[in-house]
Every structure is written in structure tokens, then in C-alpha cells.
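Let's take a walk through this model together, from its loops to its core and its aromatic rings. Have the sequence and the coordinates open as you read.

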Amino acid sequence: SGTLAASNYNFTFVDGTLTVNKAVLTVTADNKSRGYGSANPTLTATLSGFVNGENSSVVSGAPSLSTTATLNSPANTYPITVTQGTLTATNYDFTFVNGTLTVGKAILTFTAENKTKVFGAALPELTYSVTGFLNGDTASVITGAPSLTTTATATSNVGQYPISIAA
């Protein structure tokens, strides 16, 4: 406080108001991933922007998180949408940042099938099997075929020879 003076004036004082507005917390949906044919992971979010040394203990409730991806969704990226849900805090408002759910491709296993032949006979047709289909998928989702080769020939001696399989 200082000394206030003016030779030609008297003073009148009018109090003002200092308004303390809420700070803003950012609620960010955490990015997630899963394989094709797997259930969606638990969706979570991270809160940031706390002030005065506060932490999540001053927040109650939880954000609402959802995604458009379902068990049958193809490999791709899908939004994770975050909204206020039941979040409340005395000193904070909220802003929201959506995340991404990445659905990765599942793995198919191509196995060269074992074959036999008699010494001197022609090589049998080399074949393979495929395992790992999900969601009722069948071989109809595959285009092309793997390459199958062997070091054996029609004149190979008795023994075992590798059958190689590759894309």
C-alpha cells in the first residue's frame, strides 16, 4: 500500500472482482493395436495439463471411449473417440484428443506337405496346407500361390530331400 494524495481531489474507491477460471486438462485417447480377428483391447486415456502440483486425484469419473472397429474389422486404422463421459473436476475443464486403433494383419502359416515316391518314379505333385484363418475366412481370401521346390529329382537316390516353400 502506498500513500495516495492529490491537492485538488478527494478519493472514492470501488472494489473489483478477480475471477479465477478453470484450467484446461487435455484428455487424450491412448493409441492401441491388435491383430485381425482379436477382440479390441481395453481403451484408455491419459490426462495432462494439471497445475499447482495436482494430479489425477482431483478428477472423478471417467471419459467415454469408443471405436468403430469390431472383431471382424479388416486390417486398417480406426478412430478411438474420447468424450467427457462422467469426468468432473472442480478446477478444470476438459478438451479431448482422439486416438487410433491399428488392426494388424493376422498370420497365415503355409506348410509344405510331406510327400513320398518310389525310387525311379516321377516326382509327386508338391502341395501345401494353410492354417490360421480367423472369423470364418477361408483360402478364398488369398490370391496367388506359394512356390514349392525340392532338390529331389526322378532319379534321386533313396533318402529324404527338403521341400521348400516361399512366396
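Asn-157 sits in the loop that joins S10 to strand S11 (163–166). With a relative accessible area of 55%, Asn-157 counts as exposed, because the cut-off for that class is over 50%. Its C-alpha atom is 6.6 Å from that of Phe-119, although 38 residues separate the two along the chain. Please keep in mind that this is a predicted model.

Val-20 offers another long-range approach. It is found in the segment before S1 and is exposed, at 72% relative accessible area. Val-20 and Asn-91 lie 71 residues apart in sequence, while their C-alpha atoms are 9.1 Å apart in space.

Two other asparagines deserve a look for their backbone. Asn-52 is not a glycine, yet has a positive phi of about 55°. You will find Asn-52 in the loop between strand S3 (45–48) and strand S4 (64–67), where it is exposed, with a relative accessible area of 76%. Asn-135 likewise has a positive phi of about 55° without being a glycine. Its place is the loop between S9 and strand S10 (147–150). Is Asn-135 buried, partly exposed or exposed? At 29% relative accessibility, Asn-135 is partly exposed, because that class runs between 20% and 50%.

Now for the interior. Which residues have the most contacts inside the largest nonpolar core? They are Val-59, Phe-94 and Val-103, in a core of 16 residues. At least two residues of this core come from each of S1, strand S5 (76–83), strand S6 (92–97) and strand S7 (99–104). Val-59 is a good place to centre your view: leaving aside neighbours within four places in sequence, Val-59 is in contact with Leu-25, Leu-47, Phe-50, Leu-87, Thr-88, Ala-89 and Phe-94.

Back at the surface, Leu-4, Tyr-9, Phe-11 and Phe-13 make a nonpolar patch of about 510 Å². Tyr-9 belongs to the segment before strand S1 (23–29) and is exposed, with a relative accessible area of 60%. Phe-13 is exposed too, at 65%, whereas Phe-11 is partly exposed, at 37% relative accessibility.

Phe-11 and Phe-13 also bring us to the aromatic rings. A pair of such rings is described by the distance of the centres and the angle of the planes. The model has three aromatic pairs by this rule, and two of them are set out here.

| Pair | Centre to centre | Angle between planes | Class |
|---|---|---|---|
| Phe-11 and Phe-13 | 6.4 Å | 35° | tilted |
| Phe-110 and Tyr-128 | 5.7 Å | 35° | tilted |

Why does the Phe-110 and Tyr-128 pair count as tilted? Its planes meet at 35°, so the angle is neither under 30 degrees, which would be stacked, nor over 60, which would be edge-to-face. This pair links distant parts of the chain, as Phe-110 lies in strand S8 (residues 109–112) and Tyr-128 in strand S9 (residues 128–131), 18 residues apart. Phe-110 is partly exposed, with a relative accessible area of 30%. Tyr-128 is also partly exposed, at 30% relative accessibility.

Note on methods:
Residues are numbered from 1 along each chain as its sequence is written. This is a predicted model: local features need pLDDT of at least 70, side-chain atom pairs count only at pLDDT 80 or more; totals for chains, interfaces and linings use all residues. Side-chain values use heavy atoms; hydrogens and water are left out. Patches are made of residues with over 30% relative accessible area and no salt bridge: like charges are joined within 9 Å, nonpolar side chains (Val, Leu, Ile, Met, Phe, Trp, Tyr) within 5 Å. Accessible areas come from the Shrake-Rupley method with a 1.4 Å probe; for residues, only the protein chains shown count as cover. A salt bridge is a side-chain nitrogen of Lys or Arg within 4 Å of a carboxyl oxygen of Asp or Glu. Helices (H or I, at least four residues) and strands (E, at least two) are DSSP runs, numbered from the N terminus. Buried means under 20% relative accessible area, exposed over 50%, partly exposed in between (1.4 Å probe, protein chains only). A nonpolar core is a set of buried Ala, Val, Leu, Ile, Met, Phe, Trp, Tyr and Cys residues joined through side-chain atoms within 4.5 Å. Contact means heavy atoms within 4.5 Å. Rings of Phe, Tyr and Trp (its six-membered ring) pair if their centres lie within 6.5 Å; planes under 30 degrees apart count as stacked, over 60 as edge-to-face and the rest as tilted.
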